[in-house]
Structure formats: C-alpha cells, structure tokens
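Hi everyone, thanks for making the time. I'd like to walk you through a structure that may be new to you, so have a look at the screen.

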Amino acid sequence: MNDRGLLKDCRFDELESEYRMIAASHQAPVAKLGLYATISMKHLVNYIEPFQKLHEKGVFCAGFHAGEDSWHSGVVDLFTNTLEEAGHTGSIRAVETRRVATMFLDAILSLMAHRLETADPNDIEDDVRVLMDLYLNGLMIRY
C-alpha cells in the first residue's frame with residue numbers, strides 16, 4: 001500500500017472532526033487542549049496498524065505539512081483559536097498563538113510516534129498529563 005493509502009487508513013479526517021467537536025464545545029480552553037491530546041492518543045490506539053506501517057516506512061508525519069490546505073494547517077487553525085480563547089480568558093499568558101499551536105500539534109504527533117516506538121508505552125492519561133504539564137508549566141522551578 002502506498003503512503004497516501006496508509007494516511008487515509010489512519011482516518012485523520014475522523015480525528016479532525018473530533019477536534020472540531022471539542023473546539024465547538026463549552027469546555028474551558030485549557031481543558032480543550034488536553035482533550036485534543038487525549039483524543040489523538042486514543043485515535044492512534046484505534047488505528048494502530050496503519051500508524052505502525054507509516055512509522056516503519058519513516059513517513060509518519062509525511063503529508064501533514066504539505067501546503068496551506070493540508071490537514072496540519074487546518075488543525076493548527078483550530079488549536080490557534082483555542083489558544084486565543086485561552087488568552088482572552090486569562091488562562092494563559094500572551095503568546096504567538098499560531099506558532100505555539102504548531103508546536104503543540106507537532107508535540108502531539110511526536111508523542112504518538114514515541115508511543116509507536118515504545119515496547120511498553122505509558123497510559124494515555126500519563127502521556128497527556130506530562131505533555132500538558134510541560135506546555136502549561138514549563139520546565140523551570142519557580143521560587
């Protein structure tokens with residue numbers, strides 16, 4: 001099967017649809033970010049075989065960044081809106097929302113790839129908790 005067929009088998013259209021439902025929900029913006037990560041990891045588990053094949057071919061992220069109309073760009077738009085909402089509510093400090101949204105999506109994709117490489121992966125909730133802690137609190141100890 002070619003790379004495009006494998007990408008289609010991963011059902012990114014379904015994942016984006018779930019992102020859109022989260023974005024439209026009445027959840028707090030920061031909660032939405034956690035839900036995006038959680039649903040991504042659950043999606044990976046549900047479609048593990050095509051994801052594994054993509055990863056084995058070294059093309060896991062292939063096609064995500066291809067052009068303005070790419071899946072990646074559309075999801076970054078959703079995440080950008082959520083970050084802007086979080087900024088407006090005072091939940092997060094002022095950031096370059098599109099840039100941070102891109103990094104957040106890429107972090108989720110990296111976490112998914114890591115899960116594919118790990119013989120005994122952590123619980124999804126643990127992975128999401130670490131990701132969210134890093135994004136919301138950073139690495140520095142505050143005194």
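Let's start with a little cluster of charges: Arg11, Asp13 and Glu14 are joined in a network of salt bridges. Keep in mind that what you're looking at is a predicted model. Across the whole structure, a search turns up eight salt bridges.

Okay, the overall picture. The chain has seven helices and zero strands. Its radius of gyration is 15 Å, close to the 15 Å the globule rule gives for 143 residues, so the chain is as compact as a globular protein of that length. Along the principal axes, the C-alpha trace spans about 50 × 35 × 25 Å. And 39% of the 143 residues count as buried.

How far can we trust it? The mean pLDDT of the chain is 88, and 90% of the residues score at least 70. Confidence is lowest in helix α1, residues 3-9, with a mean of 75, and highest in helix α3, residues 29-46, at 96. As a general caution, where pLDDT is low, the predicted coordinates should not be read in detail.

So let's look at α3. With 18 residues at 1.5 Å each, α3 should span 26 Å, and its end C-alpha atoms are indeed 26 Å apart. Many of its residues are buried, including Leu33, Tyr36, Ile39 and Met41. What do the buried residues of α3 pack against? The answer is α2, α4, α5, α6 and α7.

Now back to the charges. Lys32 and Glu85 meet in a salt bridge, 3.1 Å from N to O. That pair links distant parts of the chain, with Lys32 in α3 and Glu85 in α5, 53 residues apart. Is Lys32 buried or exposed? Lys32 is at 2% relative accessibility, so it counts as buried. Glu85, at 30%, is partly exposed.

Next pair: the side chains of Arg98 and Asp77 meet in a salt bridge at 2.5 Å, N to O. Arg98 sits in α6 and Asp77 in α5, so this pair ties together parts 21 residues apart in sequence. Arg98 is partly exposed at 36%, and Asp77 is partly exposed at 37%.

One more: Asp127 forms a salt bridge with Arg115, with the closest N and O atoms 3.1 Å apart. Asp127 lies in α7 and Arg115 in α6, so here the tie is between parts twelve residues apart in sequence. Asp127 is buried at 8%, and Arg115 is buried at 14%.

Methods. Residues numbered from 1 in each chain as written. Predicted model: local features only at pLDDT ≥ 70, side-chain atom pairs only at ≥ 80, totals over all residues. Heavy atoms only, no water. pLDDT = per-residue confidence, 0-100. Helix = DSSP H or I, 4+ residues; strand = E, 2+ residues; numbered from the N terminus. Expected span 1.5 Å × (residues − 1). Buried < 20%, exposed > 50% of the residue type's maximum accessible area, 1.4 Å probe, protein only. Contact = heavy atoms within 4.5 Å. Rg over C-alpha atoms; globule rule 2.2 N^0.38 Å. Salt bridge = Lys/Arg side-chain N within 4 Å of Asp/Glu carboxyl O.
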